Protein chains: 2
Amino acid sequence: MSRKSISFGGLSSLVGFHLRWASGEFALDFRTSLEGTGMRQVLVGILAIVQANPGINQGGVGKALGIKRANMVSLINELVQRGAIGRTETPQDRRAFALKLTEEGEALLADCLARIAEHEQRLLWRLTALEQQLLVDLLSRIGPRPA
Amino acid sequence: MSRKSISFGGLSSLVGFHLRWASGEFALDFRTSLEGTGMRQVLVGILAIVQANPGINQGGVGKALGIKRANMVSLINELVQRGAIGRTETPQDRRAFALKLTEEGEALLADCLARIAEHEQRLLWRLTALEQQLLVDLLSRIGPRPA
DNA sequence: TATTGTTATACTCTATAACTATA
DNA sequence: TATAGTTATAGAGTATAACAATA
């Protein structure tokens with residue numbers, strides 16, 4: 001029982017503060033919505049990128065999602081060992097592997113995306129479909145001025 | 001030199017994906033904008049909460065920012081040792097400490113907030129003031145249905 | 001009994017540097 | 001010489017459990 005609610009001071013006018021908070025809420029609910037699948041935000045991201053770009057290599061996936069090469073290794077291994085991603089050597093560049101989803105990976109991604117759709121609407125129920133679209137538009141326009 | 005740009009597949013329609021990405025952009029630029037001050041997002045958050053609620057205790061700050069009691073200890077210690085926060089015993093509850101900003105802490109927070117204002121406009125230059133306000137409004141309406 | 005601050009600890013994420021094999 | 005994948009490692013951030021002092 002708190003006697004008076006606390007104030008957020010200068011934080012409440014900062015876009016970054018609200019962004020950080022909303023992102024945290026999403027991450028939290030995302031976790032519980034994928035509970036039991038053994039999947040995490042990054043792993044779903046990787047599956048989606050590989051599905052949309054079959055034959056892509058690790059570096060390409062990491063570049064798209066902002067993950068360092070070194071950190072991609074265990075993530076891809078995790079998905080390969082799980083049978084969600086297939087890794088085949090390519091004759092053009094024998095350093096790299098061509099990645100693609102297995103049937104199991106396709107099914108897994110579909111299951112995740114269905115859960116995620118529910119999860120998103122659970123958090124966005126106060127926004128109309130138009131407002132949700134507007135939010136995506138505003139968010140996608142965030143970023144520093146190109147040099 | 002990539003021959004064709006990659007696709008984000010099912011991710012591009014997910015609010016959570018754009019949220020995560022935008023939040024990451026903010027976190028990154030935040031860091032560089034506070035470079036040299038030795039401050040981080042959490043520490044600025046704590047200073048702002050203490051300033052707006054003088055006399056608050058560690059638990060209260062943590063509750064406001066979603067930080068566990070155990071993790072507050074070293075954070076508060078860091079700010080006290082730095083001379084930004086004063087910790088005084090209170091007669092009402094001898095378990096807790098009343099926190100408030102020192103003069104040095106006020107100056108530090110002011111400096112950080114000035115840098116943060118620049119940082120925000122650097123990332124939000126594509127949005128009008130009205131759109132920035134709209135974004136905050138949309139973000140603050142995110143969250144699960146109350147039970 | 002419940003709460004405040006605390007210690008210890010573990011797990012995830014992220015970042016860097018250095019190695020190998022190919023290009 | 002540059003790039004793809006890899007290893008090892010270190011630093012944040014975050015989570016739990018348990019304890020002392022106080023309420």
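Visitor: How many salt bridges does the rule find across the interface of chain B and chain A?

Guide: A salt bridge here is a side-chain nitrogen of Lys or Arg within 4 Å of a carboxyl oxygen of Asp or Glu. By that rule, two turn up across the interface of chain B and chain A. One of them pairs B:R141 with A:E131, whose closest N and O atoms are 2.8 Å apart. Keep in mind that this is a predicted model, where local features need pLDDT of at least 70, side-chain atom pairs count only at pLDDT 80 or more, and totals for chains, interfaces and linings use all residues. Side-chain values use heavy atoms, with hydrogens and water left out.

Visitor: And which elements give two or more residues to the side of chain B that touches chain A?

Guide: Helices are DSSP runs (H or I, at least four residues), numbered from the N terminus. On chain B the list is α1 (15–33), α2 (41–52), α3 (58–65), α5 (103–123) and α6 (129–140). The top contributor is α1(B), with 11 residues. As for chemistry, Ala, Val, Leu, Ile, Met, Phe, Trp, Tyr, Cys and Pro count as nonpolar, Asp, Glu, Lys and Arg as charged, and the others, Gly among them, as polar. That splits this side of chain B into 31 nonpolar, 12 polar and eight charged residues.

Visitor: What is the area buried between chain B and chain A?

Guide: Buried area is the accessible area (1.4 Å probe) that two parts lose on being put together, summed over both. Here that comes to about 5,000 Å², with carbon and sulfur atoms giving 70%. B:V15, B:R141 and B:I142 supply 12% of what chain B buries against chain A, more than any other three residues.

Visitor: Over to the DNA: which residues come nearest to strand D?

Guide: A residue is near a strand if one of its heavy atoms lies within 4 Å of it. Of the 18 residues around DNA strand D, the nearest are A:G59, A:R95, B:R40, B:N71 and B:R94. By class, that surface has five nonpolar, five polar and eight charged residues. α4(A) gives the most to it, with three residues.

Visitor: Where on DNA strand D do the polar atoms of B:R40 and B:R95 point up close?

Guide: For polar contacts, look for N or O atoms within 3.5 Å; within protein, one must be able to donate a hydrogen and the other to accept it, and residues adjacent in sequence count only if both atoms are side-chain atoms. A polar side-chain atom of B:R40 lies 2.6 Å from a phosphate oxygen, whereas one of B:R95 lies 3.4 Å from a base oxygen. A:G59 uses a backbone N or O atom, 2.7 Å from a phosphate oxygen.

Notes: Residues numbered from 1 in each chain as written. Chains lettered and ligands numbered in written order.
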